[in-house]
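Here are my notes for you, written as numbered points. Please keep the sequence and the model open beside them as you read.

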Number of protein chains: 6
Amino acid sequence: MTQGATDMTIMRCEMDGKLAIITMTNQAKRNVLSEAMIDGIIAGLEQASQAKARVVILRAEPGCKVWSAGHDVSELPAAHRDPLGWSDPLRVVIRAIEEFPAPVIALIEGGVWGGACEMALACDIVVATPDSTFALTPAKLGIPYNVSGLLTFMNVTGIHMVREMAFTARPISAQRAQALGIVNHVRGAEEITYYCTMLARDIEKLAPLAIAVMKEEMRVLASAHSITPRMFERVQGLRRKVYDSQDYQEGVRAFKEKRQPNFTGE
Amino acid sequence: MTQGATDMTIMRCEMDGKLAIITMTNQAKRNVLSEAMIDGIIAGLEQASQAKARVVILRAEPGCKVWSAGHDVSELPAAHRDPLGWSDPLRVVIRAIEEFPAPVIALIEGGVWGGACEMALACDIVVATPDSTFALTPAKLGIPYNVSGLLTFMNVTGIHMVREMAFTARPISAQRAQALGIVNHVRGAEEITYYCTMLARDIEKLAPLAIAVMKEEMRVLASAHSITPRMFERVQGLRRKVYDSQDYQEGVRAFKEKRQPNFTGE
Amino acid sequence: MTQGATDMTIMRCEMDGKLAIITMTNQAKRNVLSEAMIDGIIAGLEQASQAKARVVILRAEPGCKVWSAGHDVSELPAAHRDPLGWSDPLRVVIRAIEEFPAPVIALIEGGVWGGACEMALACDIVVATPDSTFALTPAKLGIPYNVSGLLTFMNVTGIHMVREMAFTARPISAQRAQALGIVNHVRGAEEITYYCTMLARDIEKLAPLAIAVMKEEMRVLASAHSITPRMFERVQGLRRKVYDSQDYQEGVRAFKEKRQPNFTGE
Amino acid sequence: MTQGATDMTIMRCEMDGKLAIITMTNQAKRNVLSEAMIDGIIAGLEQASQAKARVVILRAEPGCKVWSAGHDVSELPAAHRDPLGWSDPLRVVIRAIEEFPAPVIALIEGGVWGGACEMALACDIVVATPDSTFALTPAKLGIPYNVSGLLTFMNVTGIHMVREMAFTARPISAQRAQALGIVNHVRGAEEITYYCTMLARDIEKLAPLAIAVMKEEMRVLASAHSITPRMFERVQGLRRKVYDSQDYQEGVRAFKEKRQPNFTGE
Amino acid sequence: MTQGATDMTIMRCEMDGKLAIITMTNQAKRNVLSEAMIDGIIAGLEQASQAKARVVILRAEPGCKVWSAGHDVSELPAAHRDPLGWSDPLRVVIRAIEEFPAPVIALIEGGVWGGACEMALACDIVVATPDSTFALTPAKLGIPYNVSGLLTFMNVTGIHMVREMAFTARPISAQRAQALGIVNHVRGAEEITYYCTMLARDIEKLAPLAIAVMKEEMRVLASAHSITPRMFERVQGLRRKVYDSQDYQEGVRAFKEKRQPNFTGE
Amino acid sequence: MTQGATDMTIMRCEMDGKLAIITMTNQAKRNVLSEAMIDGIIAGLEQASQAKARVVILRAEPGCKVWSAGHDVSELPAAHRDPLGWSDPLRVVIRAIEEFPAPVIALIEGGVWGGACEMALACDIVVATPDSTFALTPAKLGIPYNVSGLLTFMNVTGIHMVREMAFTARPISAQRAQALGIVNHVRGAEEITYYCTMLARDIEKLAPLAIAVMKEEMRVLASAHSITPRMFERVQGLRRKVYDSQDYQEGVRAFKEKRQPNFTGE
Ligand code: NI
Ligand code: NI
Ligand code: NI
């Protein structure tokens with residue numbers, strides 16, 4: 001999506017044999033998913049692809065408190081524009097992970113918020129430290145999440161859990177996430193890197209073409225919740241009302257002013 | 001969709017037994033599909049519904065040169081907004097016709113342009129005078145037509161004809177339209193009113209509930225070209241690029257200035 | 001579907017090389033699609049299948065005035081039951097024709113009414129004499145046609161023609177049917193048998209497995225207008241209101257009493 | 001769906017700020033989902049909607065043994081009619097909950113049987129006391145559950161659990177339901193009201209439009225398991241055989257006579 | 001799909017302002033769709049794309065007797081392999097035409113056979129000389145046509161015409177093709193080039209982005225005949241039986257030996 | 001699918017009242033799913049069907065170490081052929097279980113590998129001993145799993161678990177499988193037979209027609225992840241690349257030679 005030089009102060013990509021490790025390093029800004037960060041992750045995936053990596057680990061730096069704070073709110077459109085259109089950086093990176101022809105393991109330590117929550121769940125396998133948390137927060141900002149984004153969550157776990165996350169914006173713990181299939185394994189911070197590396201080693205030994213085609217087949221099946229043009233246009237009309245609303249502007253403004261928003265439903 | 005008083009200078013609705021006749025009367029403005037005109041048509045349909053009309057004729061006044069000129073360009077968004085969103089008046093009237101629980105006959109005399117072309121074709125049966133013409137003109141203005149709108153055309157005739165209409169914006173004659181199933185019958189201006197009335201009389205005698213349910217079943221089947229959320233969002237992204245383009249602004253401007261647009265593809 | 005002995009007074013099946021000819025012979029009852037007639041046609045198709053027929057001609061006797069009058073109204077449920085359920089004879093024969101692993105040519109002479117109209121159009125190729133006519137008549141009886149039945153028509157020609165047929169119940173001529181792709185060829189009564197036989201001869205020479213698989217692929221594609229369970233149940237609910245209505249009972253009664261029905265919409 | 005006066009002896013609706021609490025109060029009849037009860041719940045939802053409630057709690061009275069016993073068997077059709085058609089009260093209330101534009105929390109205490117089980121699971125979030133149980137019981141009565149109803153269960157948890165519930169009719173415990181994502185939280189009877197109120201308080205603070213559109217998007221995605229008209233009509237035919245069967249009549253009769261049914265499969 | 005140098009003895013591509021003209025020049029081999037020819041056409045489309053062509057004409061040389069003879073039978077797999085897999089040259093060129101971001105006009109003179117028939121119909125607009133003919137011939141060779149290939153035909157015209165073409169392999173005339181919407185216009189050989197150029201001039205003046213997005217929307221809608229994995233795998237199994245059959249080998253052999261095949265259905 | 005005599009040395013089928021017990025007895029070959037074994041299981045299901053069994057238990061012999069080792073690798077095609085086509089024995093038995101008109105309980109003791117893992121999960125209810133394990137192993141052999149096969153897994157549990165199983169080929173424990181809804185109940189080897197029999201007894205008492213139709217409805221809903229012909233053909237093309245690859249041949253060869261494969265991705 002974006003070429004140019006990758007900003008190495010916010011992420012780095014290393015190869016360890018057939019394993020590529022992409023690390024978000026912008027702790028100062030809580031690894032916010034700015035356009036620059038997402039360019040970096042995509043550049044990392046491209047590098048991994050060229051190096052014929054058989055598995056990727058996507059992670060933040062050890063010891064971080066926030067894995068990623070999600071959308072860079074300062075980059076959201078002010079009003080009257082879909083904040084989650086096709087070329088929005090979050091949508092671009094989700095597709096890049098889904099289409100990457102080898103497994104992507106999310107190694108989670110710290111808080112995973114908003115759009116970062118979808119990015120983590122769009123990975124193939126999720127391993128988390130016990131104090132990691134996951135929060136789906138668009139309702140805090142007044143943002144109408146997009147349809148394929150919600151489908152990412154619905155393919156991971158049952159609809160009651162997804163609704164609780166979406167409607168309460170409460171963080172859920174790694175343990176609860178594991179119990180419901182969101183997280184594959186919980187491992188302590190001291191061993192999670194080793195655990196993920198061993199998982200990657202096992203994947204490396206298997207047939208990469210067979211894995212790539214199964215990943216693609218599952219991607220196709222998971223997205224196969226087709227709806228009529230009419231229904232989609234109706235939903236799009238509902239979403240437009242939301243990003244045209246005063247609440248959307250209030251949500252973004254309150255976030256920037258670091259205060260509680262006052263939503264009126266208008 | 002819109003309440004308020006209907007402007008009777010631009011349309012009128014009469015009952016003739018169980019037949020409702022909705023006539024667009026704004027010849028001065030070539031029956032342009034302004035919000036007011038569409039409010040009028042929808043009010044007419046509601047009136048017909050309350051009168052338990054078993055069939056509706058939608059027409060312009062006898063002798064008119066333009067049946068309807070389509071979208072009111074002055075009402076299109078200036079830029080950066082989808083001009084064919086869910087609550088756009090054209091979309092609203094198309095759905096009102098499709099969902100009307102009895103047959104709607106389009107009685108066509110004169111030119112049918114742009115959005116009016118879809119409105120005519122969304123009717124159940126189309127009868128036209130020999131010198132009527134049909135033109136699908138969004139490419140003249142640089143407007144990205146919406147998905148369910150194009151589906152209206154694709155359900156009426158084969159895809160080669162639809163593409164010719166959409167990609168050349170050339171008007172097609174009533175005779176050619178008839179040969180390809182777009183127009184049901186061609187009748188001279190002197191007899192078309194009588195012909196449509198007789199058609200309506202035949203419909204009135206039949207079982208209205210059976211007709212209503214068959215109309216609804218066909219509406220559902222015709223819209224059943226489902227696509228994945230991902231595919232739809234991609235198309236929506238492509239459409240957004242078009243209404244964000246300079247060409248969109250040039251098309252609308254040139255129309256208002258009554259000159260040829262100069263499209264650059266940017 | 002039905003075993004038992006076939007009643008040879010109402011139909012017969014003959015083999016002419018690799019061509020099977022199924023003839024409806026119940027002119028006295030205008031080849032009404034009674035359960036017995038449909039048993040006969042299905043038995044004929046099974047016989048053709050066992051004889052490894054490479055093509056079938058489905059016809060009435062030469063010189064008949066009515067190719068088939070459609071549903072046997074005396075077999076319709078009196079009230080409160082879906083008259084076009086899955087095991088209704090009409091539905092059964094439609095599927096038998098669609099699933100027959102070789103082309104079925106409808107040789108049409110005379111009037112084709114109601115359910116017979118769908119049976120004729122469900123054939124792969126339709127050849128008709130110039131004075132044949134086609135009428136879709138459920139609205140005369142107050143019957144709610146079923147969804148897959150309407151889809152048969154929508155796959156044959158454009159939606160404006162289908163709606164005119166369904167909403168007016170007017171017979172359409174062979175010539176008009178040909179112009180809109182419903183009928184493949186119009187041939188005089190004196191030559192239609194020869195013409196269809198020559199068509200069959202051409203088919204016989206081709207690869208039967210390739211033809212069978214293309215027929216099946218087209219069947220699958222033609223039926224691929226999927227709808228959600230919710231939408232289907234809604235439509236089914238609408239249909240139930242119709243067969244629970246007084247109009248349904250009035251339509252059936254009037255037909256038996258050979259008088260015009262008086263439909264009230266209730 | 002139903003106007004008229006709501007019977008306050010079987011349910012009540014109260015507003016607590018922006019929270020609406022709908023309580024089923026017909027303990028004498030185990031909160032059976034009679035038409036009157038469902039009218040009451042729907043009236044409660046409408047009242048909540050008019051009061052612009054941002055969240056609803058649906059509950060039975062504290063201390064009840066049966067949250068709801070499900071379908072009022074005395075209202076089921078005797079035979080030869082689909083007992084779960086589009087306008088069946090259970091189907092109506094399920095859609096009302098799904099379409100309510102704010103989250104509905106099911107506060108469960110006691111046994112949840114049959115149709116009530118679907119009603120509880122159609123809520124957005126489910127909180128239950130430790131001794132609550134959930135039983136899916138149509139196979140006890142011989143009733144063919146409808147397609148969209150089974151889809152409600154399949155969207156909540158994996159298919160093995162749904163099949164066990166449907167095929168054994170055994171009640172499952174709140175703990176097991178929680179482990180599999182059916183129940184969001186288990187809380188003791190003494191604290192469950194407080195817990196649900198706090199959950200509601202959190203929801204109230206968030207952007208209501210963003211929540212409403214996400215709920216609607218998920219509803220659309222969850223129902224997007226489209227099937228062909230042919231397939232649906234086949235399933236409908238199978239269901240008809242069941243409600244035409246002797247077993248259906250035996251099941252209903254045995255229930256009323258409070259004895260074990262004797263099913264023969266005919 | 002294929003790089004390498006394009007063989008200019010079999011095709012050429014010229015720009016005429018914003019119009020690209022791709023001419024198949026291999027009359028000696030009747031413009032057979034060999035891998036080399038298709039590489040050439042695709043190279044021509046890429047050249048047109050880089051030159052920002054707003055319209056393409058795809059044609060054979062003036063005066064040719066055969067526009068294209070379709071598949072190069074010598075390149076078909078001998079046996080036990082799908083002859084129409086995803087990367088088969090015919091499938092590749094069909095997709096290239098469908099995805100080309102501007103209209104492609106097929107200028108037809110002479111016979112159009114087999115795979116070339118699909119290639120011509122996959123173009124957006126078809127203009128033909130009066131003595132052109134179209135023949136769909138896989139049943140002559142015993143080849144199981146693929147699903148998306150048959151869908152190309154079904155989107156162009158009604159199913160009765162498609163079945164006649166597929167099951168009889170008879171050539172149809174330009175006039176009949178026009179009557180059924182397959183051909184947009186019939187023009188004499190002496191004027192067809194001029195006619196198509198004028199058509200192209202009209203397209204050039206319109207908004208290219210609006211045209212491109214409408215073409216893509218129609219491509220998506222036309223392909224939106226979704227089927228279940230199970231159904232597709234079943235069809236694929238049927239197709240495999242055909243290309244594993246003796247008839248497939250007989251068909252290819254007979255073609256090479258220039259004799260009539262003798263198909264046994266085995 | 002296969003007639004002939006069933007080899008009783010590899011499986012047996014017994015009736016216990018209305019319960020049919022199918023036991024795989026080929027411990028010597030670890031109950032490998034050879035064509036003979038699958039013929040046996042299908043014969044058992046047919047026998048159960050004729051005996052009007054209301055429930056089936058599918059099991060291995062008590063005390064076995066391997067419930068089933070999955071595909072018989074010696075029966076896989078050497079190269080260039082889809083190893084999981086429609087008539088592959090594994091696909092046939094999966095469909096037979098799904099279409100069996102009564103619940104099938106998988107009683108699991110020991111390791112369940114590869115294709116046997118899908119066979120176990122295609123059963124309606126799964127009960128396992130604590131030391132059972134489940135491994136999805138096509139990536140060990142380089143086999144491209146088919147689309148409907150992966151859908152079997154995706155309907156049972158969340159996508160993160162399915163991906164971990166598919167991409168790591170690691171066996172998962174009965175406990176973890178239970179936590180994620182794959183296994184319904186874990187019971188010790190000493191009581192599992194009794195437990196399953198009691199489960200069966202409960203099912204036997206319920207209405208068999210209601211159960212059969214619910215099973216069929218769920219089968220239809222679970223398979224309703226429809227995709228376009230184009231998308232499916234693309235996936236099929238990707239799968240073909242895999243079974244045409246050197247890695248596929250290496251995987252099969254290494255398995256037969258009982259050594260680690262060396263996959264190169266080519
Ligand atoms: Ni799904
Ligand atoms: Ni369609
Ligand atoms: Ni279609």
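Which residue follows α11(D), and what is the sign of its phi? The residue is D:K258, with a positive phi near 55°.

A word on conventions before the points. This is a predicted model, in which local features need pLDDT of at least 70 and side-chain atom pairs count only at pLDDT 80 or more, while totals for chains, interfaces and linings use all residues. Residues are numbered from 1 along each chain as its sequence is written, chains are lettered from A and ligands numbered from 1 in the order in which they are written, and side-chain values use heavy atoms, with hydrogens and water left out.

1. **Helix α11 of chain D.** Helices here are DSSP runs (H or I, at least four residues) and strands likewise (E, at least two), numbered from the N terminus. Helix α11 of chain D covers residues 246–256, and its buried residues are D:D247, D:Y248, D:E250, D:G251, D:V252 and D:A254. Buried means under 20% relative accessible area, exposed over 50% and partly exposed in between (1.4 Å probe, protein chains only). These buried residues pack against α4 (138–141) and α10 of chain D, together with α9 (208–223) of chain F. At the start of α11(D), a side-chain oxygen of D:S245 comes to within 3.4 Å of the backbone nitrogen of D:D247.

2. **The chain F and chain A interface.** Contact (heavy atoms within 4.5 Å) links 43 residues of chain F with 42 residues of chain A. The area buried between the two chains is about 3,400 Å², and carbon and sulfur atoms give 66% of it. Buried area is the accessible area (1.4 Å probe) that two parts lose on being put together, summed over both. F:H160, F:F167 and F:R170 supply 24% of the area that chain F buries against chain A, more than any other three residues.

3. **Polar links across that interface.** The rule finds three salt bridges between chain F and chain A, each a side-chain nitrogen of Lys or Arg within 4 Å of a carboxyl oxygen of Asp or Glu. F:R170 forms a salt bridge with A:D202, and the closest N and O atoms are 2.9 Å apart.

4. **A buried asparagine.** D:N184 sits in the loop between α7 (174–179) and β10 (185–186) of chain D. Is D:N184 buried or exposed? D:N184 is buried, with a relative accessible area of 4%. Leaving out residues up to four places away in sequence, D:N184 touches A:H160, A:M161, A:E164 and A:R176, as well as D:I125, D:V126 and D:Q178.

5. **The nickel ions.** For the nickel ion (ligand 1), the protein donors are A:H225 (NE2), D:H225 (NE2) and F:H225 (NE2), lying 2.3 Å from it. A:H225 and D:H225 each lie in the loop between α9 (208–223) and α10 (229–243) of their own chain, so the pair joins two chains. A:H225 and D:H225 are both buried. For the nickel ion (ligand 3), the protein donors are C:H225 (NE2) and E:H225 (NE2), lying 2.2 to 2.4 Å from it. Donors are N, O and S atoms within 2.8 Å of the metal (3.2 Å for Na, K and Ca); water is not among the atoms, so sites may look incomplete. Please look at one spacing: the nickel ion (ligand 3) and the nickel ion (ligand 2) are 2.1 Å apart, and C:H225 coordinates both.

6. **Chains without contact.** No contact joins chain D and chain E, whose closest C-alpha atoms lie 9 Å apart.

Note on methods
Polar contact = N/O pair within 3.5 Å; in protein donor to acceptor, adjacent residues only side chain to side chain.
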